[in-house]
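Biologist: Could you take a close look at one part of this model with me? I would like to see how a pair of residues sits in its surroundings.

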Amino acid sequence: MDKDNDIRTGRHVVFMMHVHLVFVTKYRRGVFTKEILDGLRPIFASVCIDFEAELIEFDGEDDHVHLLVNYPPKVAVSKLVNSLKGISSLMIRKKKYPSIQKKLWGGALWSPSYFAGS
């Protein structure tokens, strides 16, 4: 295993920090299709770039998604999660997918809770 690929450096820091995130849909409704999951990946990757983080892995099922993110120590996981969930919800709801419109109402895509493991 080559650990040098994951080690990142900053001006005064050398780090290798990963967080495994799980987001669940509101009411645990099964709304995600392959098309929606394929649309979520670039959204999450874009948000990660804004935080100088990197989306390493992404996968999901009909009612939840898993992300593995490599992030710098200056980023608070809670702020990263807030942006990931907020922007993805906004962008996905703008596309008006029928499976989401049918099963979720109001402005929420995600449950307010999440799992984060490091």
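**A close look at helix α2**

Modeller: Happy to! Let's start with Lys 85: because its relative accessibility is 11%, Lys 85 counts as buried (buried means under 20% relative accessible area, exposed over 50%, partly exposed in between, with a 1.4 Å probe and protein chains only). A word on the basis: this is a predicted model, where local features need pLDDT of at least 70, side-chain atom pairs count only at pLDDT 80 or more, and totals for chains, interfaces and linings use all residues. Residues are numbered from 1 along each chain as its sequence is written, and side-chain values use heavy atoms, leaving out hydrogens and water.

Lys 85 lies in helix α2, which spans residues 77-94 (helices are DSSP runs of H or I with at least four residues, strands are runs of E with at least two, and both are numbered from the N terminus). Setting aside residues up to four places away in sequence, Lys 85 touches Phe 23, Trp 110, Ser 111, Pro 112, Ser 113 and Tyr 114 (contact means heavy atoms within 4.5 Å). Arg 29 is 56 residues from Lys 85 in sequence, and their C-alpha atoms are 16 Å apart in space.

Ser 88 also belongs to helix α2. Ser 88 counts as buried because its relative accessibility is 0%. Not counting neighbours within four places in sequence, the contacts of Ser 88 are Leu 40, Ile 43, Phe 44, Ser 83, Leu 109 and Trp 110. Trp 110 therefore appears in both lists, touching Lys 85 and Ser 88 by the heavy-atom cut-off.
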